[in-house]
Amino acid sequence: MERLRSTFAAYERDLDLIGLDDAQVTAGYPRGRLRLAIAWAALKVLATLPWAAIGVAVHVVPFQIVKVLAEKPANEGIRATVKVFGCFVSFLLLYVALGILVGEAFGGWPGFLAAATAPLCGYAAVRVHERLSRVGGLVEGYRTVRVRRDVIASVLERRSAVTAAARSILTRP
């Protein structure tokens with residue numbers, strides 16, 4: 001067990017030094033697939049961008065208010081509760097107010113649609129942010145692996161040592 005701990009600690013140290021995680025080190029980066037993955041992600045982002053922009057515009061103010069309020073408690077658990085409860089309440093009030101304002105200006109169905117689609121636009125904003133972060137990590141991983149091939153070989157050797165140590169523990173009678 002000690003061998004596993006020490007080899008895993010060394011492997012994690014190597015990952016920290018090169019700024020990658022395990023998935024990035026072990027990923028295959030064929031150029032065609034990488035370009036296709038980036039193009040597909042970009043297409044999804046472009047298709048979702050108008051809805052995501054609406055989501056950001058609608059949710060940014062209540063989110064920032066809740067974010068400031070959540071910094072007040074000293075206890076981390078209370079902070080998380082303030083964030084969850086604060087977002088739930090503020091977003092709900094926002095959706096109701098949005099529905100009423102649009103409903104008074106344009107009629108009942110447009111008001112209902114505005115209130116019903118606002119959460120979906122917020123979801124789209126979160127997904128676009130996550131997708132852009134993932135693509136950035138994919139590109140960064142590819143660049144690091146391509147530029148630092150000599151270092152990656154030793155990191156992969158350490159990874160093999162970690163899996164060998166784990167297997168030796170798991171196969172003991």
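Where does Arg 79 sit in this predicted model? Let's start there and then visit the cores and the charged pairs.

**View 1. Arg 79 and its surroundings.** Arg 79 belongs to helix H4, which covers residues 76-106. Its relative accessibility of 27% makes Arg 79 partly exposed, because that value lies between the 20% limit for buried and the 50% limit for exposed. Setting aside neighbours within four places in sequence, you will find Arg 79 in contact with Ala 70, Glu 71, Pro 73 and Ala 74. Lys 67 is a handy landmark for this view: 12 residues away along the chain, its C-alpha atom is 9.3 Å from that of Arg 79.

**View 2. The largest nonpolar core.** Ten residues make up this core, and you can pick them out as Leu 4, Tyr 11, Leu 15, Ile 18, Leu 20, Val 25, Ile 152, Val 155, Val 162 and Ala 165. Two elements each give two or more residues to the core: helix H1 (2-18) and helix H6 (149-170). A second, separate core has six residues, among them Val 58, Val 66, Phe 91 and Tyr 95. As background, nonpolar side chains tend to be buried together in soluble globular proteins.

**View 3. Glu 2 and Arg 5, a salt bridge in helix H1.** The structure holds five salt bridges, and one of them joins Glu 2 to Arg 5. Their closest N and O atoms are 4.0 Å apart. Because the two residues are three apart in helix H1, about one helical turn separates Glu 2 from Arg 5. Glu 2 and Arg 5 are both exposed.

**View 4. Arg 159 and Asp 22, a link between distant parts of the chain.** Here the salt bridge runs from Arg 159 to Asp 22, with 2.6 Å between the closest N and O atoms. Arg 159 lies in helix H6 and Asp 22 in helix H2 (residues 22-26), so this pair connects parts of the chain that are 137 residues apart. Arg 159 has a relative accessible area of 28% and is partly exposed; Asp 22, at 29%, is partly exposed too.

**View 5. Arg 127 and Glu 130, a salt bridge in helix H5.** In this close-up, Arg 127 pairs with Glu 130, and the closest N and O atoms are 3.0 Å apart. Helix H5 spans residues 108-147, and since Arg 127 and Glu 130 are three residues apart within it, they are separated by about one helical turn. Arg 127 is partly exposed at 27% relative accessibility, and Glu 130 is partly exposed at 36%.

Conventions. Residues numbered from 1 in each chain as written. Predicted model: local features only at pLDDT ≥ 70, side-chain atom pairs only at ≥ 80, totals over all residues. Heavy atoms only, no water. Helix = DSSP H or I, 4+ residues; strand = E, 2+ residues; numbered from the N terminus. Buried < 20%, exposed > 50% of the residue type's maximum accessible area, 1.4 Å probe, protein only. Contact = heavy atoms within 4.5 Å. Core = buried A, V, L, I, M, F, W, Y, C linked by side-chain atoms within 4.5 Å. Salt bridge = Lys/Arg side-chain N within 4 Å of Asp/Glu carboxyl O.
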